[in-house]
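Q: I am new to this structure and would like a close look at a single part of it, the surroundings of the ligand. Please take me through them step by step.

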Amino acid sequence: MPIITYREALNHALREEMTRDERVLIFGEDVVAYGGAYGVTSGLVNDFGDKRVMDTPIAEGGIGGAAVGAAMGGLRPVAELMTINFALLASDAIINHAAKVLHMFGGQMSVPVVFRMTGGGGAQLASTHSQSLEVLFAHVPGLKVVTPATPADAKGLLKSAIRDNNPVLFIEHALLYRVRGEVPEGEYLIPLGQAEVKREGKDITLVAYSRMALVALEAADRLSQEGIEAEVVDLKTLRPLDMETVLTSVRKTNRAVTVEETWRTYGIGAEIASRIQEEAFDYLDAPIHRVAGVEVPLPYAKNLEQAAIPDAGRVVEAVKQLFVRTGV
Amino acid sequence: MEASTVAKIAGPGLDKKTLLNFLHQMLLIRKFEDKSGELYARGKIAGFLHLYNGQEASAVGAISTLAEHDLLITHYRDHGYAIARGLDLNRCMAELLGKATGIVKGHGGSMHFFDVSLGMLGGWAIVAGHLPLAVGLGLASNYLGKQQVVLCVFGDGATNNGYFHEALNMAKLWKVPVVFLCENNLYGMGTAVHRASATLEMSRKAAPHGIPAQRVDGMDVLAVREATTKAVEHARRGDGPFFLEVLTYRFRGHSMADPILYRDKAEVEEWKQRDPIVIFRQRLEKEGLLSPQEMEQIERETDELVVEAVRFAEESPDPPLTDLYKDIYADP
Ligand SMILES: Cc1ncc(C[n+]2csc(CCOP(=O)(O)OP(=O)(O)O)c2C)c(N)n1
C-alpha cells in the first residue's frame, strides 16, 4: 500500500469525490490559489476549475449559510472553515440551520453538506487558535461529527462524509497533516458512526479519537513493555457514537481509560464513562479514568502548552494508577 | 373597453381575473391571520405567532412575479408568503395547531412553513440567518443552470446584522440570482427603525455592495409587483442580485406576545388609512373592475376557505409520539 500523508489522503478524497459527482464543489477561505490554509485543497482548481473550487471572503457566517443553502439547492458542497475556532462564527448556520432542516421542516429536505475544519492544539498558536471544540457540535442531534486519526481513515471517512445526506463536521487535526501512513489503493469508504479497535489487548480499553488515538497507541506500546496489554478503540466518529465497539471491548478487558484532547468537564470521556457505567457496570473491575486536556485556555509557551495537552506518558500513568488502585 | 380599463390600472399583462385574484389573496391572508390571532387568544395556537396584517400587498405583489420553479425563502413572519405562494391553507392551519397533517408535520409551527414542492424553503426564525442560505440557493441555481430566481424576504431589523452584509457581499461577488426583499415595517419588535439603523433608507445599504436597489410603496400591491418584476428580470438575466425595500407597516403587534406599548395610536391609525386591501379594492371599484356581487363572492370564498382550514386543523390528529424520533438523520 502506498504511504502518503494525512493531507494528501484528504486531497485524494476530495479529488475522487469531485470526479465521481459533478455536484460536489468546494468553497472556503483561500482554497483556490493558496490551496487551503493547511494545503488540503492544493491543486484542485487546476483539475476542476474555478466553478468548482471557489474562494470566499473571510465571512464564516456567510460561508456556513451559503453551504447550507447550496445543499438545499441540490449541490453537495464541501465548505472549508479553516479552523474550528472560526467555525464558531458559522455555528448559527451549522447548529441552528443545518442540523434542523430535516426535522423542523417535516422531513422534506436533508442537507448534504460537509464542513471541513482543523481542530486541536499543539502548534503554539495560543488559546483562540488551539481549541478542540468538537464536543460543542457532537452535542447536537442532526449533525454528524467525524474525527479521523490516520491518513487511511481521513480518506475513507471524508469520502463517506461527502456522500452522506446529512450535515457532517469533518474535523482534521492540526498536527496530523504531515503524518504518513498506508492508504489502500483505489476507491474505498469507511462508514461513519463505526469505531475501530486499532490495537487488540486484554487488560484495559483505551478509548480515544483524532490525534489522541495515536497517543493512546503509543501509550499501549509502552504499557506492553510493562506487561499490560491495552486495547485501543478509536471512535473515529463522535456522533453518531458507536458504543457497541466500546462496550464489547470493555466487557472483554473490564477496565477503561478515556483519552481526549479537549477539556474534561462535560467532555467525550464523561459521555463514554457514563454509558459504560449504564450498560456494562457489572463487567467493570475498576473505576473509569479520564485523561483529558487541562482546563485552561491553551497557552502559547511551549512548556505550558505541552503540559496542557495529554501525551502518552500521562495515559501510561493513568493506566498504571488504575492497576495499582485495584491491586493487580 | 374592459381591456383598456385594465391597461389604465396596471399596464399590459394584467387582466381582470388576475387583479381580482390579488384581492382574493390579500383578503385570504388577512382573514387567515385574524383567525390565527383569535385561535391564539383561545389557547389553540401556541409559541410565537407573528401576524402579517398590513403587509399583504408585499407578499401578493412580489410572489405574483415568480415563475413556478423559482425559490422563496423568508423570515418567521411567513404566513403571507406561504399563502400567496399557494401552500395548502388547511395544512398551514394544521401546522399552527401542531397537528400531524401540518405543513411540516407539527415540527415547525408558525415560523417554519416549508413546502419544497412549491419552492417555499422556509420559514426561518433566526433574524438574518437565512440570508446567506439564499446566496447558497442562488449559487446552486447558477451552478446547475436552473435559472431559478431566489426571492429572499426579511425585515428592516435584519439589515443591521452582520449576516446581511456578508450575504450581500457574497451575492454580488458570485453574481447570484437573488432578489433581496426587505420589508421595512418601521419596527424590529418594539424598536423603531431610527433607533436601530444608522441609515433610514434600507435600500441604501445595498449600495456599498454594488447591488442595484429600489424603494417601493408596500401598501400598493401593483407597485410592489412592478418593482419586483424588474428585480426578478434583472436576476433572471444573469445580472446578479437586486435589492428591494418595501415600505410597509404591520397593523398588529410584533407577535401575539406583544402588548404594543411603544407605538402611537395616531401613527397606527394613520397607516390603517392606507390599508393595502382597502386601497386596492377601492381602486378596482373606481375603475369598474369590481362589482358589489364580485366583492361579496370574494368575501364569501375567503371566509369559507378559512373556516374549512380551521375545521381541517381541529379534526386532524396530533402527531404520533413515534414521530419524535423521525427525521433526525436522513438515510446515508
Ligand atoms: C438572531 C436573532 N436575534 C433576535 C431575535 C428575536 N427577534 C425575533 S423577531 C425580531 C425583530 C426583527 O425585526 P425585523 O427584522 O424588522 O422584522 P419584522 O419582525 O419587523 O418583520 C427579533 C429581535 C431572533 N429571532 N434572532
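A: In this predicted model, the ligand is surrounded by 15 residues, and the closest of them are Y76(B), R77(B), G157(B), N185(B) and Y187(B). Sorted by class, the shell around the ligand is made up of seven nonpolar, six polar and two charged residues. As for where the ligand sits, the space that it takes is the largest pocket.

Turning to individual atoms, several polar contacts involve oxygen atoms of the ligand, and they can be followed residue by residue. G157(B), already named as one of the closest residues, has a polar backbone atom 2.8 Å from an oxygen atom of the ligand. A158(B) also takes part through its backbone, with an N or O atom lying 3.2 Å from a ligand oxygen, whereas D156(B) takes part through its side chain, where a polar atom lies 3.3 Å from an oxygen atom of the ligand. The ligand taken alone exposes 590 Å², and 72% of that is buried by the protein.

For the wider setting, chain B, to which the residues named so far belong, is also in contact with chain A, and this contact takes 41 residues from chain B and 50 residues from chain A. Between them the two chains bury about 3500 Å², with 68% of it on carbon and sulfur atoms. On the chain B side, W124(B), Y143(B) and Y329(B) lose the most area to chain A, and together they account for 21% of what that side buries.

Conventions:
Residues are numbered from 1 along each chain as its sequence is written. Chains are lettered from A and ligands numbered from 1 in the order in which they are written. This is a predicted model: local features need pLDDT of at least 70, side-chain atom pairs count only at pLDDT 80 or more; totals for chains, interfaces and linings use all residues. Side-chain values use heavy atoms; hydrogens and water are left out. A residue is near a molecule or strand if one of its heavy atoms lies within 4 Å of it. A polar contact is a pair of N or O atoms within 3.5 Å; within protein, one must be able to donate a hydrogen and the other to accept it, and residues adjacent in sequence count only if both atoms are side-chain atoms. Accessible areas come from the Shrake-Rupley method with a 1.4 Å probe; for residues, only the protein chains shown count as cover. On a 1 Å grid over the protein atoms alone, a cavity is a set of points where a 1.4 Å probe fits but cannot get out, and a pocket is an open set with protein on both sides within 12 Å along at least five of seven lines; lining residues have an atom within 4 Å of a point. A molecule sits in a cavity or pocket if more than half of its atoms lie within 2 Å of its grid points. Ala, Val, Leu, Ile, Met, Phe, Trp, Tyr, Cys and Pro count as nonpolar, Asp, Glu, Lys and Arg as charged, and the others, Gly among them, as polar. Contact means heavy atoms within 4.5 Å. Buried area is the accessible area (1.4 Å probe) that two parts lose on being put together, summed over both.
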